[in-house]
Every structure is written in structure tokens, then in C-alpha cells.
Amino acid sequence: MGCNNITKMLLIVTLICLCLSIGSAESGADLEWPKTHVRLFDKAESQSNIIVHCWSSEDDLGVHTITFGEFYAFNFRHNLLCNTKFVCMVKFEDGVDKFFYAYHCQRDRFKCREMCDWSLYENRACLWDSDCYDYTNRPPLF
């Protein structure tokens, strides 16, 4: 009897999830929480262009060049478990690949809410020009 109840409960939960996902897809409705917008500003002291390449475990955003004083932007919705992370590789005129988390849900979901503005300098990346992080010489782990 207990096993049948668990099976019925799992079936009901599965059907509810399936109905919600079908309804959402048919209506074009998005998830309830808003998108997070990330902007990477080129603030290199050398006033040079920056090459950036950002990715998550699910999306590769490609390689982009940011002109000094300009920005590159992307947006997304973090997942339900809040383990969404976007890593960016930045390359200044020294040609060295440098890495940082442009978004780490556990760290940034309350800091950024809907917008994360990063200032990219040769030696550090600063969120809102105050919360600065040193680059690493290899990609962070997911």
C-alpha cells in the first residue's frame, strides 16, 4: 500500500510539472523571475580594446571585442537551483588570458538583482566599481 501511494504521488507531481511546462511553452510565458543583465565595461588603464569570451555550462556567448569606454552585454535567467555561473575570459593588449565569474548565482543574486555592471581593468574586475576581484590564470570550475 505504501509503495502504491508513493507511485501515485510521483505520477501526480510529474503530471503537474508537465502541465506547467506545456502551458508555459504554449503561452510564451517566461519564468517568474526577471532576467539578469550583465554589462562588461572596458575601463583598461591603457585605453585599449578588450577581447572577451563568456560562457556558462549551458551557453557559449562567443568572442567579442569591447572598445575602450564601451561595453558588451548579455542577459539570462538563473536556474531554479541557483547554480548558474557565467565565466568570462578577458584579454588585454598584453595578450594574456585572464578569467573571472561575471555571474555566480550564489554570490550575485542579491547584489545584482536584475543588473550586474562590471568595470574591467587590467588587473581586476570590479562589480559596481567597488566589489573587486583579481583575475585567475585559468577558468574557474563550474
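**Exercise 1.** In this predicted model, find which residue of β6 stands opposite lysine 85, and then describe how the strands around that pair are arranged in the sheet.

*Solution.* Begin with the pair itself: across from lysine 85, the residue in β6 is histidine 104. Next, turn to the two strands, where β5, covering residues 85–91, is joined to β6 by seven bridges, and the two run antiparallel. Then widen the view to the open sheet, whose four strands follow the order β3-β2-β5-β6 with antiparallel pairing. At its edges lie β3 (60–66) and β6 (97–104), each of which pairs on one side only. From one strand to the next, the twist averages 20°.

**Exercise 2.** Determine where arginine 113 lies, what is notable about its phi, and whether this residue is buried or exposed.

*Solution.* First locate arginine 113, which is found in the loop that links α2 (105–112) with β7 (115–120). Its phi is near 50°, a positive value in a residue other than glycine. For comparison, most residues other than glycine have a negative phi. Finally, since exposed means over 50% relative accessible area, arginine 113 counts as exposed because its value is 56%.

**Exercise 3.** Carry out the corresponding steps for tryptophan 128, giving its place, its phi and its exposure.

*Solution.* Tryptophan 128 sits in the loop between β8 (124–127) and β9 (131–134). The phi of tryptophan 128 is near 55°, which is again positive in a residue other than glycine. With a relative accessible area of 40%, tryptophan 128 is partly exposed, because that class lies between the cut-offs of 20% and 50%.

Methods: Residues numbered from 1 in each chain as written. Predicted model: local features only at pLDDT ≥ 70, side-chain atom pairs only at ≥ 80, totals over all residues. Heavy atoms only, no water. Buried < 20%, exposed > 50% of the residue type's maximum accessible area, 1.4 Å probe, protein only. Pairing = 2+ DSSP bridges. Axes fitted to C-alpha atoms, helices over the stretch in contact; angles between N-to-C directions.
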